[in-house]
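Trainee: Could you take me through one part of this protein slowly, and show me how that part fits in with what surrounds it? I am new to this, so please keep it friendly.

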Amino acid sequence: MSASTSGETAQEFYGRWARLYDLIARRTPGIPALRRRAAAACRLERGDTVVEMGCGTGANLPYLREQVGPEGTVVGIDFTGPILERARDLTAEYDNVHVARGDATQPPVDEDVDAVLATFVVGMLEDPAGAVDDWCDLVGPGGHVVLANAARSDAWYAPPVNAVFRAIVVLSTPPTTKLRYENEPHLRLDTKIDAAHARLRERSRAVADETHVFGVVRLTGGRIGDGA
């Protein structure tokens, strides 16, 4: 997550709902399988270093550790204190999994990184395409960046699915007391996600695109090219 979203308001909002957020992140049908798939898409090897931007309560971190093994390194970054405390508690048994408070657009990372994972994050950023550029630069040529995000479905059964999706986006966007928005939050989210995934495709020399969870979740993995 990025502190630029709504300043302290966003931190308070996500911090207040940390326990419920964790339950949804881990128990929603289809999401655990998606998280395992996203970790696999990072194309990690034993001993690699992977950074998750906007790690939330740490739901992805055990899957990433499975990929890098005990000799690798997993770093989770998020800007919300209570969220990070839960991530620390849930990964305390792993001595090579570290969580740090920071901005996903300016990650406090000073080591070589083999892959970056960002799930359900770019829609919160002011400049999602710019963030993807930074993540591609962080891993460098041959490294991998993987994005997983929820957006409206294009499937034939999309109308009811998209209606539920819109309601979830409105309720999870601070402040939740607004019944009307100048710009519909689910449309803004679609625009940001389209921009981020398109930029990753531009920067990659090998790309994998998938859809999951009734077509609502888009997963894009890219191997970063030279001189992109």
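**A helix pair and its surroundings**

Mentor: Happily! Let's begin with a crossing: helix 3 and helix 4 cross in a right-handed way. Please keep in mind that this is a predicted model. Two packed helices are described by the angle between their axes and the distance between the axes. Here helix 3 covers residues 31-41 and helix 4 covers residues 61-68. Their axes come within 9 Å of each other, and the crossing angle is roughly 35°.

Which residues of the two helices meet? From helix 3 come Pro32, Arg35, Arg36, Ala39 and Ala40, and on the side of helix 4 they meet Tyr63, Leu64, Glu66 and Gln67. Sorted by character, the residues of this contact are five nonpolar, one polar and three charged.

Now look at helix 3 by itself. Its buried residues are Ile31, Leu34, Arg35, Ala38, Ala39 and Ala41. If you look down the axis of helix 3, these buried residues fall within an arc of 160°, so they line one face of the helix. Notice that Arg35 and Ala39 are in the buried set, and Arg35 and Ala39 also take part in the contact with helix 4.

Let's pause at alanine 41, which is in helix 3. Is alanine 41 buried or exposed? Its relative accessible area is 11%, and because buried means under 20%, alanine 41 counts as buried. In sequence, alanine 41 and leucine 117 are 76 residues apart, yet their C-alpha atoms lie 9.1 Å apart in space.

There is another partner from far along the chain to look at. Leucine 219 sits in strand 7, which spans residues 217-224. With a relative accessibility of 2%, leucine 219 is buried. Between the C-alpha atoms of leucine 219 and arginine 37 there are 9.0 Å, although 182 residues separate the two along the chain.

What comes after helix 3? Helix 3 is followed by arginine 43, which has a positive phi, near 55°. Arginine 43 takes this positive value although it is not a glycine. You can find arginine 43 in the loop between helix 3 and strand 1.

Over to helix 4, where Leu61, Tyr63, Leu64, Arg65 and Val68 are buried. What covers these buried residues? The cover includes helix 3, strand 1, strand 2, strand 3 (97-101) and strand 4. Tyr63 and Leu64 are among the buried residues of helix 4, and both are also in the contact with helix 3. Just after helix 4 comes glycine 69, with a positive phi of about 75°.

Strand 2 was part of that cover, so to speak a neighbour worth visiting, and valine 75 lies in it. At 11% relative accessibility, valine 75 is buried. Setting aside neighbours within four places in sequence, valine 75 is in contact with Val50, Val51, Glu52, His98 and Glu111. The C-alpha atoms of valine 75 and alanine 100 are 7.5 Å apart, with their positions 25 residues apart along the chain.

Let's step back to the nonpolar cores. In soluble globular proteins, nonpolar side chains tend to be buried together. The largest nonpolar core in this model has 24 residues, and Met53, Trp135, Val145 and Leu147 have the most contacts inside it. Two or more residues each come from strand 1 (49-53), strand 2 (73-78), strand 4 (115-119), helix 6 (128-139), strand 5 (144-150) and helix 8 (185-203). Helix 6 gives the largest share of this core, five residues. A second, separate core has 22 residues, including Ala39, Leu44, Tyr94 and Ala148. Ala39 brings us back to our helix pair, as Ala39 of helix 3 is in the contact with helix 4.

Finally, the whole protein. It has eight helices and seven strands, and buried residues make up 52% of its 228 residues. Of the contacts with a separation of 6 or more, 69% are between residues 24 or more positions apart.

Definitions and conventions. Residues are numbered from 1 along each chain as its sequence is written. This is a predicted model: local features need pLDDT of at least 70, side-chain atom pairs count only at pLDDT 80 or more; totals for chains, interfaces and linings use all residues. Side-chain values use heavy atoms; hydrogens and water are left out. Axes are lines fitted to C-alpha atoms, for helices over the stretch in contact, and angles run from 0 to 180 degrees between N-to-C directions. Helices (H or I, at least four residues) and strands (E, at least two) are DSSP runs, numbered from the N terminus. A crossing is left-handed if the near helix is turned anticlockwise from the far one by less than a right angle, and right-handed if clockwise. Contact means heavy atoms within 4.5 Å. Ala, Val, Leu, Ile, Met, Phe, Trp, Tyr, Cys and Pro count as nonpolar, Asp, Glu, Lys and Arg as charged, and the others, Gly among them, as polar. A nonpolar core is a set of buried Ala, Val, Leu, Ile, Met, Phe, Trp, Tyr and Cys residues joined through side-chain atoms within 4.5 Å. Buried means under 20% relative accessible area, exposed over 50%, partly exposed in between (1.4 Å probe, protein chains only). The arc is that of the directions from the helix axis to the C-beta atoms.
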